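Student: Please choose one part of this structure and examine it closely. I should like a connected account of how its backbone pairing is arranged, followed by a brief view of what else the chain contains.

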Amino acid sequence: MENQRKARGLDSLLLSAIFLLTVIIAVFIFISGDSKFQKNTSAANNDKVDETTATLTETQSGFPDIQIIKESSNDISIPYSMQYPKTKFNMVNKEISKYIADSKEKYLDTVYLFRNENKNNSVVGDFRISLQIHQYKNDYYSFVFTNKSSVDKTKYDATIQTYLFNNNTGEFVNMYQLLDEKVKNLEVLADYVQKQITSNPAYKEYLYTEKVQTLTEPKWRHFKKFSIVDNELVIYYDKNEIASPLAGMPTIRIPMSFLNPILDEKYRTNDTSSNTIIKTTHKGKRVALTFDDGPHEKVTKQILQTLEKYDAKATFFMVGHRVENNASLVREVLANGHEIGNHSWNHSNLTTLTPKQVLSQYNSTNDVIYEATGQYPTVFRPPYGARNKCVNDLVSVPIVLWSIDTLDWKYRDANKILPMVKQKMHNNAIILMHDIHQSTADGLDSVLAYLQDEGYEFVTVSEILNYQTSK
Ligand code: ZN
């Protein structure tokens, strides 16, 4: 009895304690909820940017009836730039405007959310939509939008949006119409695309196998992103959609003539020259950017970010003695899909050394890079390009020099790199720069923008060697 009463007393004590605690929690939730609410309204006030502070310009596209609108933000805290077409059809323009407006809104929302979550209003994002236009059989135009965005300029999302339309009627053409509205035809295409993706050496090691399986099932919604470029059907995937970001944005190209049997008559090509050749690799122009004498904690890091912005792959010729203290940076270089080359241990002129010394320069650098990354360098570049028979004999990987010297080491001027590149640019060029000068990192963006505009693909040095005819 005595115990029960004691227990009951305890019960009520416990109950009132719980009650008190509940009240405290409720008050706390109310206060913090209130402050959150205030923060949201202040963020909403910030939302007033854009419209008033954007610049719009209109230029000719080079295609009849199509103008290009360039819209860019004047607010340096929310930079963005977008390119989109204006056609003679309201319906087409409306559809495209919707895509542009939605994309911009999504970007602005993400930036504000990121700033709120990180309580940091000084973070500056980046957002660009670029446009490519392709004409097919006179009447058909493909618009291909590449949409790149980042909340903090470190990691970028990259997506593709495409439209194919008839410039006589203003009607959009989707895959259903292209393939004569037959599932049987879609099955042929889907099967083919799957084979192309899984056998393409550029994507092979990066593929998300299950995603590839799912997204190549013959369903119309899986084949929405496509265009027709130079008599080829191009199928697009977003960054990180079917492969790790290291693979960039995978594309599959199929000659229209090869597809003729499954196409609606209207869309068949008369060009049968490429009938039997199935191209899966990029065609045309490529360039290998190379960065020597690093790694450098700050400069290399900045260069990596700029390269990522353009989905560009490059090659870093590293000096062994700098690798040890920058091991994580060296791993990052490799993880971003770039190639690592050996550039000797301490940048000696190897032609002045004994064979034993040359070997030591070469081996110790190989070892320290292997220790940092688990992989040996795949190419070698002797300091100053100085080589002799001894060097040639002792080095077991390809020795790679360059075809364009930007002289960045001499001028140390961010504005002098691009003119040098422009002046000497040629296909399959190997461009020499140095990732130990801040000026090089600062000047790189303009070089990449220029080369990208010129249609160059940025590849590693080993890849470009495949295309060099005399060796
Ligand atoms: Zn060097």
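Tutor: Two strands are said to pair if DSSP finds at least two bridges between them. The model is a predicted one, and the part chosen here is the hairpin formed by strands S7 and S8.

Strand S7 covers residues 226-229, and strand S8 covers residues 232-236. Four bridges join the two strands, and their pairing is antiparallel. Two residues separate S7 from S8, and Asp230, which lies in the turn, has a positive phi of about 50°. Among the bridges, Phe226 of S7 is partnered by Ile235 in S8, while Ser227 has Val234 of S8 as its bridge partner. In general, the strands of a sheet pair through backbone hydrogen bonds, in either a parallel or an antiparallel sense.

Which way do the residues of S7 point, and are they buried or exposed? Phe226 and Ile228 point one way from the strand, whereas Ser227 and Val229 point the other way. The residues on both sides are buried, the criterion being under 20% relative accessible area.

The hairpin strands belong to an open sheet of three strands in the order S7-S8-S9, with antiparallel pairing. S7 and S9 (251-255) are the edge strands, each pairing on one side only. From one strand to the next, the twist averages 25°. Helix H4 (residues 183-199) packs on this sheet, where it touches S8 and S9. The direction of H4 makes about 125° with that of S9.

The surroundings may now be considered. The largest nonpolar core has 36 residues, and Leu289, Leu307, Ile431 and Leu451 have the most contacts inside it. Elements giving two or more residues to this core include strand S10 (286-292), helix H7 (299-309) and helix H14 (438-453). H14 supplies the largest share, six residues. A second, separate core has 33 residues, including Leu186, Leu215, Ala243 and Ala247. As a general matter, nonpolar side chains tend to be buried together in soluble globular proteins.

Finally, the chain holds a zinc ion, whose protein donors are Asp293 (OD), His343 (NE2) and His347 (NE2), lying 2.1 Å from it. Along the chain, these donors follow the spacing D-x49-H-x3-H. Both His343 and His347 are buried.

How values were computed. Residues numbered from 1 in each chain as written. Predicted model: local features only at pLDDT ≥ 70, side-chain atom pairs only at ≥ 80, totals over all residues. Heavy atoms only, no water. Donors = N, O, S within 2.8 Å, 3.2 Å for Na, K, Ca; no water. Buried < 20%, exposed > 50% of the residue type's maximum accessible area, 1.4 Å probe, protein only. Axes fitted to C-alpha atoms, helices over the stretch in contact; angles between N-to-C directions. Contact = heavy atoms within 4.5 Å. Core = buried A, V, L, I, M, F, W, Y, C linked by side-chain atoms within 4.5 Å.
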